[in-house]
Amino acid sequence: MRRIFSGGGAMIGISKLKNLIGVQVSKNQRLGYLGRMLYKYRWLYFMMLPGIAYFILFRYLPLWNAQIAFKDFKPLLGVWDSPFAGFKHFNTFFNSFYFTQLIGNTVIISLLKLVLGMPMAIILALCLYETVFKRLAGFVQTITYLPHFLSWVIMFGILLVMLSPSEGLVNEAIKASGGEPIAFLYSPQWFRAVVVGSDIWKDTGWGTILYLAALMAIDPTLFEAAAVDGASRMQRIWHISLPGILGTIVVVTLLRLGNILDAGFTQIFMLYSLPVYSVGDILDTWVYRQGILEFQFSLATAVGLFKGGIGLVLVLAANRLTKQFAGSGIYS
Amino acid sequence: MRTLTKSWDDIFFQFLINSFLIILLIAVLIPLWRVFVMSVTPLHYIDTKTLGLWLDPRMWSFEAYKQLLSHPSFIRATTNSLIITLGGTTVNMLLTVPFAYALSNPDLPGRKIFITMALIPFLFNAGLIPTYLVVQKLGLVDTYWAVIMPGAIGIYNMLVMKSFFEGLPEELKEAARLDGANELQVLWHVVLPLSKPILLTVGLWYAVGHWNEFFNAILYLNDAKLQPLTILLRNILLAANINEYVEYDAFSSAPVSAFRAASVFLTMLPIILIYPRVQRYFTKGTMLGGVKQ
């Protein structure tokens, strides 16, 4: 870090030197400070132009369009000329029967994924770190990381192959032991379990990466010293490994909590169906149906904006807490 | 005595954790294996018994694959996926790299403003509908651009790349500048050759994202001629009658379940084949991002 800094300093030094020598000074003096800077960095600004255009079109125009949350959007009138409606759409949503159901489903599914998924990743990371069979560990890593890269469409196909009442492996087993096949994906009792379970299956391996990195960073002499003092394996894990990755655990938890309203849109969109709306419908899927399928653009945007606003507050709070935590030296 | 008990303790511990690793390994492999077994099950077999996890290799039938791979809809969907993945990743890199490079220059006037400009939409998402209206207004619906452009710069990817560029030695860039190179030349001749790991990492992330893309395709690509493989797969999986999407030869020896499983397997095949070779780039990139949080 310091090296880069001094490098930057040297660079400022050189450009100042250039000015002192008088390179292009006469030409640039006429342009004024701003013009001189624009000219000097013209190549960099030129390189940024496509990116700036992208940000304006695809990131800021949507922010501008978001004003339809406060209007009765009529496509023919356009965003600006549509009649003002105040907080009508927000109130519609807050007072609707859906409000508690959607928030509830979103938060419950998110929390279940966090609470059940995270210990799995931590345990797997500890096992990968502790095993003496390093080739096995490498193989397990490769295989368990793989599902992270599969689209939820593929995951849906895999789930059908495992869970479908007619041809799924699990139901074959149930039938073989004399039970009645279960329509896991269409059953309100089972749907959340399928969502959380498939998320754990897909991302536990990938989730170990940060913990493994933290484990690798622990000073190995600590383990040796503990072994000399007669600490058992479990004691070493409990008193050295876990404290060593505690910082990472806290940071990951905070960041996940900051995104608690993202319960996994594409996953639910792919897996859910009418019979399980009561337990599986989340904010994002509802916004999709209201907006794209029912053409309730303003209402859907209002709910999206509500979600974005809460999300912003949560992420900023999580970031602040993370920084405080990192400040205490654990995350260095 | 002491060392003996300790070694037994160690052996038991190793037994425990390695069993856990192997159980997890099997838990991940079983569903993937089952997809494959189902995809090669011949019709006469499935009528008589349940499939389980084992099918005698002498009975494997690749009829479903044969049908799929020669089917015009499947070929077209695969072509679309390839176009979107290659074209999309090219657009991603063309936009992300220069932008990240410019922002990595600590002396760039207005740098803070541009970084803030990039961070605001990262933190506050306007949501689905406002973006949908933009894509519609720009007339991109039913063009490949509709699935490529909205995510052309992944803000997180751009920031990771920026911090990589910032870590490169300033002296090299400055030397090139003193030799009269403009910034484009510095980027091309000095920075990019030093940045292969990050280019691969970010490029691969973009590429996987495009290959797996299905939601934007559902939103913006109504024309079946443009739809990628993920959409065809979704249709095949959800359809009560597969013939709506791919004419399935009812007189063939492959059951519908094999047909479905084969399409799942073919869609994930590129990832299964490519991923193990490039795994280290993915993990490296994640660690880089994680540490820079």
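**Helices and a chain contact**

Colleague: Which residues of α13(A) are buried?
Modeller: Buried means 20 or more other C-beta atoms, placed from the backbone, within 10 Å of a residue's own (exposed is 12 or fewer, partly exposed in between). Those in α13(A) are A:R233, A:S241, A:I245, A:T248, A:V251, A:V252 and A:G258. The model is predicted: local features need pLDDT of at least 70, side-chain atom pairs count only at pLDDT 80 or more, and totals for chains, interfaces and linings use all residues. Numbering runs from 1 along each chain as its sequence is written, with chains lettered from A and ligands numbered from 1 in the order written.

Colleague: Where does α13(A) bend?
Modeller: Compare axes fitted to the seven residues ending at a residue and the seven starting there. The bend is about 40°, at A:L246.

Colleague: How far apart are the end C-alpha atoms of α13(A)?
Modeller: Helices are DSSP runs (H or I, at least four residues), numbered from the N terminus. The expected span takes 1.5 Å times one less than the number of residues. For residues 233-258 that gives 38 Å, and the end-to-end distance agrees: 35 Å.

Colleague: Which helix gives the largest share of the side of chain A that touches chain B?
Modeller: Contact means C-beta atoms, placed from the backbone, within 7 Å. It takes 77 residues from chain A and 83 residues from chain B. On chain A's side, 15 residues come from one helix, residues 42-65, namely α4 of chain A.

Colleague: What is the handedness of the crossing of α4(B) and α11(B)?
Modeller: A crossing is left-handed if the near helix is turned anticlockwise from the far one by less than a right angle, and right-handed if clockwise. The crossing of α4(B) and α11(B) is right-handed.

Methods: Contact = placed C-beta atoms within 7 Å. Helix = DSSP H or I, 4+ residues; strand = E, 2+ residues; numbered from the N terminus.
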